[in-house]
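Trainee: Could you walk me through reading a structure, one feature at a time? I would like the general idea and then the case at hand.

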Amino acid sequence: YVRGEQKRTVTEAEMLDAAKQATDEPRALCEAARLLAAAHYEKGDSPSLDRALSELTDASRRLLERGEAALAACLLNDQAAIYLRMGDPVRAMALAEQSRAVFSRVDRTDPVAGRELAQTDLLIARILLHVPARPGREADALSAAADHALAAARVFEKLGEPFERARALETLGRLELRRGRLDRAIEQLRAALSEQERLSEV
């Protein structure tokens, strides 16, 4: 899942749902929606992905009604990740670019803005693993995607988020594999695997 939380059980999902419905505090609503969406995303089937998207959309609406546009924007990358897994890379890219537009206007030293921009970079890098590049532009597209993944990995390392850094390194390794750079691919995938094993992320 885009946020890198640990796997959630059905019972935890029910508790998160109750918390999301009960809270009026904007930040708590945002976080509960993210975690609840993660619980449904983990299942991976179509109804669960629909439910995850519904939870995020509902939370975004409630946040916007409360004048919390910045917090609502924090859910854009989560929605984009779900659309990507649902097989809609066009909508995923649109949401990722919308997130980038919002947080590029914020001071990049702000940790929230930095994290959201890194998540956007990772999403953009991952899109090319799901859809082919335009004919004749494959090399350029893969190079640009690798740059996005590397940028994300560096930010996550700076923020002290090893789970997300490992995901970025894994994405970078897969992109290097598609570029035919086997040595670099193995290096990045081994680094990701080592970190994921350390974190018990199977």
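Trainee: Let me start with the outside: what does the accessible surface of the protein chain come to, and what percentage of it belongs to carbon and sulfur atoms?

Mentor: Keep in mind that this is a predicted model. The protein chain has an accessible surface of about 10400 Å², and carbon and sulfur atoms hold 52% of that area. As for the inside, 46% of the chain's 202 residues are buried.

Trainee: Next, the fold. How many helices and strands does the secondary structure come to?

Mentor: There are 10 helices and 0 strands. Read from the N terminus, the order of elements is α-α-α-α-α-α-α-α-α-α. To see how the chain folds back on itself, look at contacts with a separation of 6 or more: 63% of these join residues 24 or more positions apart.

Trainee: Which residues of the largest nonpolar core touch the most other members?

Mentor: The general idea first: in soluble globular proteins, nonpolar side chains tend to be buried together. Here, the largest nonpolar core has 29 residues, and those touching the most other members are C30, L63, L75, I82 and F103. At least two residues of this core come from each of α2 (26-43), α3 (46-65), α4 (69-73), α5 (76-85), α6 (89-103) and α7 (111-127).

Trainee: Which residues is L75 in contact with, leaving aside neighbours within four places in sequence?

Mentor: L75 is in contact with C30, R34, L56, A59, S60 and L63. Two of these partners, C30 and L63, are on the list of core residues that touch the most other members.

Trainee: C30 is a cysteine, and so is C74. Why is there no bond between the sulfurs of C30 and C74?

Mentor: Distance decides it. A disulfide needs sulfur atoms within 2.5 Å. The closest cysteine sulfur to that of C30 is in C74, at 5.4 Å, so the two are too far apart for a bond. C74 is in no disulfide either, and a search of the whole structure finds 0.

Trainee: Are these two cysteines buried or exposed?

Mentor: Buried means under 20% relative accessible area. C30 is buried because its relative accessible area is 3%, and C74 counts as buried at 7%.

Trainee: What about aromatic rings: how many aromatic pairs does the structure hold?

Mentor: A pair of aromatic rings is described by the distance of the centres and the angle of the planes. In this structure the number of such pairs is 0. There is still a ring to look at, though: R85 lies over the face of Y41, 4.6 Å from the ring centre.

Trainee: Where is D121 placed, and is it buried or exposed?

Mentor: D121 sits in helix α7, and its relative accessibility of 12% makes it buried. Not counting residues up to four places away in sequence, D121 touches R100, H148, A149, A151 and A152.

Trainee: And where is L150 found?

Mentor: L150 belongs to helix α8 (residues 138-158) and counts as partly exposed, at 29% relative accessibility. Its C-alpha atom is separated by 9.1 Å from that of T171, 21 residues apart along the chain.

Trainee: Finally, what is the place of R66?

Mentor: R66 is in the loop between α3 and α4. Its relative accessible area is 33%, so R66 is partly exposed. R66 and P26 are 40 residues apart along the chain, with 7.9 Å between their C-alpha atoms.

Key: Residues numbered from 1 in each chain as written. Predicted model: local features only at pLDDT ≥ 70, side-chain atom pairs only at ≥ 80, totals over all residues. Heavy atoms only, no water. Core = buried A, V, L, I, M, F, W, Y, C linked by side-chain atoms within 4.5 Å. Buried < 20%, exposed > 50% of the residue type's maximum accessible area, 1.4 Å probe, protein only. Helix = DSSP H or I, 4+ residues; strand = E, 2+ residues; numbered from the N terminus. Contact = heavy atoms within 4.5 Å. Phe/Tyr/Trp six-rings, centres within 6.5 Å; stacked < 30°, edge-to-face > 60°. Lys NZ or Arg CZ within 6 Å of the ring centre and 35° of its normal. Areas by Shrake-Rupley, 256 points an atom, 1.4 Å probe, with all protein chains shown as cover.
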